[in-house]
Every structure is written in C-alpha cells, then in structure tokens.
Amino acid sequence: MTTITETGHRASSGEAAQVLTRVVAPTIGMGVISRRPRMMALAQRLQMDWAATHTLRRLRARNGDAPLFMRPAGRSIAIVLAESDVERILVREADRFTPADAEEHAALRHFPPHGSLSSRGTNRARQREYHEAALETGRATHHLGATFQAVTEHEARGLGELAVTTGGLDWWDFDEAWWRAARTVVFGAGAHRDRRLTELLNRLRADADWAFLHHLRPERRRRFEQALRAHLRRAEPGSLAAALPPDGDVDPAAQVPHWLFALDAAAIVAYRALALLATHSAQRDTVLAELAGNSETVSPYLRACVEESARLWPTTPMVLRDSVGETVWDGASVPSGTGFLIYTPFFHRDETMREHAHEFAPQSWLDEDAPRRPGTIPFSAGPGRCPGENLVLLLTTSMLRGLLRQCRFAVDTPVHLDPAQPLPMTCDNFGLAFRVSAR
Ligand code: HEM
C-alpha cells in the first residue's frame with residue numbers, strides 16, 4: 001500500500017508554511033490554554049481567524065477535502081478539511097485516535113500530573129468516568145444545580161448593582177464576579193474570596209500555553225497544589241468537591257485543575273453572549289420573555305444563545321487527536337502517531353455548509369429538524385466530548401439571567417456586532433465593555 005505522503009494529499013512546502021503561519025501560529029499566539037489580552041486585541045483588529053479560515057478554504061478548493069498531510073519539524077500532521085472526517089475521528093473511529101496528543105501532554109505537564117486529557121488507556125477511562133460521575137455528565141441538571149444557580153445569580157446581582165452604580169461593566173469586573181461564583185461552586189463558600197488560587201492558576205495556565213518551550217516552575221506548582229488540596233479536603237456540602245466520587249486510584253487534585261481552567265472558557269463564552277444579546281434586540285426580547293415566565297433552572301433559549309456564542313467564537317479552536325496504530329485514508333496508509341488537527345472556526349463558520357454561518361442564530365440549537373452539522377463541535381464530540389457541558393450551560397445561563405433581569409446593556413467598544421452585518425470572526429472579550437443602566 002502507498003503511504004499517504006506519496007499521494008496527492010501531501011501539502012506543498014508553501015501550503016504547509018501558510019497553515020503554520022496563518023492558522024497554527026496565530027491560534028497559539030492568542031493562547032490556547034489561557035488567552036493573552038494584548039494578542040487578542042491585535043487578533044481582533046486583524047481578524048486573524050478570518051485569515052485562518054480563508055487559508056483553509058483555499059486549500060480545500062485546490063486539493064479537495066481529504067486531510068492534508070505535512071511534516072513540520074519532523075512531526076506528522078494532518079489538517080482535517082471535511083466534516084465527515086471530523087465525525088470519523090471524534091466519533092465513528094474514536095478508538096483509533098487519542099486526545100492525549102503530544103502538544104496537549106506538553107501543555108498539561110505544567111499542572112499536577114495525570115489529568116484525563118494527558119493520559120491514555122485504562123487510566124484515561126478511569127479518569128473520564130471520574131469526571132462524568134462528579135460533573136453528572138449524563139444529567140441535564142446536576143443534583144446540586146439549584147445551589148449552583150443560587151450562588152451564580154447572587155454574584156450576578158452584586159455585579160449588576162455595581163455596574164448600575166458605575167454605569168459600566170468591563171471584562172475584569174465580570175471575571176472577578178465569575179470566579180467568586182466558580183470557586184464557590186467547586187469548593188464551597190470557604191473558597192469564595194481565595195483570589196490567590198485563581199491567580200496561581202492563571203500563571204500556571206500562562207506557562208502551559210508555552211507547552212514544550214517553558215521550563216516547569218515546581219515552586220509555583222507546589223503552592224497551587226497545596227491551596228487546592230486544602231480546599232478539596234474541606235469537601236464542603238453543596239460544592240462539587242463534596243460530590244467527587246470516592247476512587248482511591250484517581251487523585252482529585254490532578255483532575256480538578258482542568259475544571260478550573262475550563263471555567264475560564266465558560267466566562268468568556270458567557271460574556272460574549274451578553275454582548276450578542278446587547279446588540280441583537282430580537283434575540284434579547286425572546287430571552288426576556290422567556291425569563292419573565294420562567295423560574296426554573298433551565299432557560300432553553302438563553303442556553304441556545306450561550307451555545308451560539310461558543311459556535312461563533314469557539315474557545316477550543318484546535319481539537320487535536322493522535323492516530324493510534326496505522327490508519328488508512330483513501331487507500332493510503334497513515335503512520336501511527338500522526339496528529340489530526342481540527343480547526344473548529346473553519347467548520348463553525350462555513351457558509352458553504354450552513355445557513356446563517358456568520359449570524360447570531362440561537363434558534364438553530366433548538367430546531368429539532370435543523371440538519372445536524374458534525375463539524376459544529378464547540379464542546380467536541382464522541383467519547384472525548386466535554387463532560388462539563390451541562391454544568392457550563394447551567395452556570396453561564398444563571399449568570400446571564402441574573403444580569404439581564406436587572407440591567408440594560410449597550411456595547412461600548414468599537415467591536416461591530418451588528419445584526420445586519422456578518423459577525424466578526426475574532427472577538428476580543430478583554431476589550432469588550434458595556435454601558436449599563438437599571439432595567
Ligand atoms: C464554555 C466552556 C467550555 C467549553 C467550550 C468546553 C469545551 C471542551 C472541549 C471542546 C473539550 C474536548 C477537547 C477535545 O476533544 O480534545 C473539553 C474537554 C473537557 N472539559 Fe470542557 N469545556 C468548557 C468548560 C468546562 C468546564 C466548566 C468543565 C468542568 C467543570 C469542563 C470539563 C472538561 C473535561 C474534564 C474535559 C476532558 C474530557 C476528557 O478527557 O475526555 N469543561 N471541553
């Protein structure tokens with residue numbers, strides 16, 4: 001059998017350079033684990049995600065939609081260009097691809113070891129079960145959902161009052177309030193004020209972004225782990241720490257950091273959803289009507305608005321898988337250990353595949369008849385799908401409910417979220433600010 005690099009699916013050196021400079025480097029520059037404010041501002045100004053998707057579209061038009069193989073710095077990489085291949089890799093043949101790819105492993109070594117994304121085989125399966133049990137992945141609402149909702153709405157009320165008093169809201173105030181809620185949900189009221197934990201986490205996340213390049217900082221890691229273990233030991237009733245399953249083989253201090261850094265993505269998605277609702281009056285009116293008649297924990301339309309925010313600006317722009325063992329593509333063999341790169345904005349914003357690709361269209365998450373797009377994967381898909389998805393949607397909708405019920409928001413920054421225009425491909429959450437008045 002021919003190898004894949006002997007077929008037409010091999011990128012030329014010029015094409016490989018384009019992928020590296022226009023897709024991979026800018027995404028890493030913005031920060032994969034932790035976003036960098038200055039880079040995000042620059043990326044928004046240059047609309048870097050547009051250049052990235054445009055590059056992949058040109059490659060697909062020229063070479064077809066089979067994966068495009070390249071070998072930068074000796075690493076075998078395949079760029080995924082077809083939705084059906086996204087489904088094949090993540091869902092249909094998921095057992096032939098592992099999320100424990102080399103880059104992820106290098107990034108996550110900055111945290112306490114043995115998190116589920118950086119391990120393989122039996123360990124990975126045990127850890128995945130552990131996350132699913134604690135986060136109650138299979139349930140629409142966590143059994144502590146009402147408590148989590150009350151905690152988050154309480155923070156939203158405080159934030160709303162502050163915003164009305166000052167007449168404005170920026171990312172940093174939103175982030176502070178979000179983290180107070182997030183720490184309380186994960187560890188209980190004893191962690192409500194522990195900003196130091198979040199600061200240490202953020203520094204480790206910034207190190208993790210440099211993956212292979214950054215040396216490890218054992219002292220920083222030790223301080224973080226010490227604080228984390230102290231919070232976990234308390235196992236406060238009503239917190240996720242108290243819901244951790246007893247499993248002697250899985251160390252919670254190795255798993256919970258993943259929740260903490262993922263909670264940052266949730267804050268970004270919620271804040272951008274707020275901006276979408278501030279600028280799109282029809283969708284906002286639908287949300288307000290839903291909130292007026294609803295005291296339940298679930299607000300389906302608002303939930304769809306958050307999902308739509310994650311589609312328009314995915315917080316996991318690169319989903320990576322390494323092939324385990326030899327795989328065959330179009331009759332040609334692909335070596336084991338090849339990294340398959342799924343650049344999600346390319347699929348989420350593909351106007352050749354989906355209607356309303358560049359519009360804020362929450363309804364598409366609710367229409368049972370709308371065609372399911374296998375490339376729309378803000379929470380990934382298959383066995384590696386985010387086990388925290390329902391929890392995220394509960395917390396983000398609670399935050400937004402609390403804010404929208406008491407305040408009116410108008411975007412106060414030069415980002416163009418105009419319903420009559422295609423939405424920008426890059427949205428800098430750090431630079432977003434609102435004018436706020438009481439409702
Ligand atoms: C808007 C917020 C979030 C988004 C968009 C998101 C998205 C994702 C995605 C795309 C993956 C899979 C990556 C892959 O397939 O390689 C993932 C994995 C994961 N997420 Fe989330 N996530 C979010 C928040 C959360 C939260 C708040 C938690 C926990 C409290 C969480 C827990 C996890 C865990 C444990 C994994 C690893 C799963 C595994 O190893 O199989 N996520 N998330």
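**Contacts, cores and ring pairs in a predicted model**

Leaving aside neighbours within four places in sequence, R126 is in contact with D247, D249 and V250. This arginine belongs to helix α6, which covers residues 121-135. Although R126 and D249 are 123 residues apart along the chain, their C-alpha atoms are separated by 8.5 Å. R126 counts as partly exposed because its relative accessibility is 32%. The structure described here is a predicted model, and R126 offers a handy place to begin looking around it.

A second arginine makes a useful companion case. R75 sits in the loop between β1 (68-70) and β2 (77-79). Its C-alpha atom and that of G337 are separated by 8.9 Å, with the two positions 262 residues apart along the chain. R75 has a relative accessibility of 18%, and therefore counts as buried, the limit being under 20%.

With these two examples in hand, the chain as a whole can be introduced. The protein chain contains 15 helices and 10 strands. Of its 439 residues, 56% are buried. Among contacts with a separation of 6 or more, 77% involve residues 24 or more positions apart. The exposed area of the protein chain is about 18,500 Å², and carbon and sulfur atoms supply 54% of that area.

The interior comes next. The largest nonpolar core has 86 residues, and the members that touch the most others are L169, F174, W178, L260, F409 and F434. Helix α11 (residues 252-279) gives this core its largest share, 17 residues. A second core, separate from it, is made up of 33 residues, including V86, I89, L90 and F97. Returning to W178, its contacts beyond four places in sequence are L263, A266, A267, L395, T396 and M399.

Aromatic rings form another theme. In total, the structure holds 12 aromatic pairs. In one of them, F346 and F347 have ring centres 4.9 Å apart and planes at 70 degrees, so this pair is edge-to-face. Both partners are shielded: F346 counts as buried because its relative accessibility is 0%, and F347 counts as buried because its value is 2%. The rings of F409 and F434 are also paired, with centres 5.7 Å apart and planes at 80 degrees, so they too meet edge-to-face. F409 lies in strand β9 (residues 407-411) and F434 in strand β10 (residues 433-438), so their pairing ties together parts that are 25 residues apart in sequence. F409 is buried, with a relative accessible area of 9%, and F434 is likewise buried, with 2%. Ring pairs also join F409 and F434 to W171, W172, F174, Y271 and F430 in a cluster. An arginine and a ring come together elsewhere: R88 lies over the face of W329, 3.7 Å from the ring centre.

Finally, the ligand brings in a metal. Its iron atom has a single donor from the protein, the SG atom of C386, at a distance of 2.3 Å. C386 is placed in the loop between α14 (344-348) and α15 (389-406).

How values were computed:
Residues are numbered from 1 along each chain as its sequence is written. This is a predicted model: local features need pLDDT of at least 70, side-chain atom pairs count only at pLDDT 80 or more; totals for chains, interfaces and linings use all residues. Side-chain values use heavy atoms; hydrogens and water are left out. A nonpolar core is a set of buried Ala, Val, Leu, Ile, Met, Phe, Trp, Tyr and Cys residues joined through side-chain atoms within 4.5 Å. Buried means under 20% relative accessible area, exposed over 50%, partly exposed in between (1.4 Å probe, protein chains only). Helices (H or I, at least four residues) and strands (E, at least two) are DSSP runs, numbered from the N terminus. Contact means heavy atoms within 4.5 Å. Donors are N, O and S atoms within 2.8 Å of the metal (3.2 Å for Na, K and Ca); water is not among the atoms, so sites may look incomplete. Rings of Phe, Tyr and Trp (its six-membered ring) pair if their centres lie within 6.5 Å; planes under 30 degrees apart count as stacked, over 60 as edge-to-face and the rest as tilted. A charge sits over a ring if NZ of Lys or CZ of Arg is within 6 Å of the ring centre and within 35 degrees of the ring normal. Accessible areas come from the Shrake-Rupley method with a 1.4 Å probe; for residues, only the protein chains shown count as cover.
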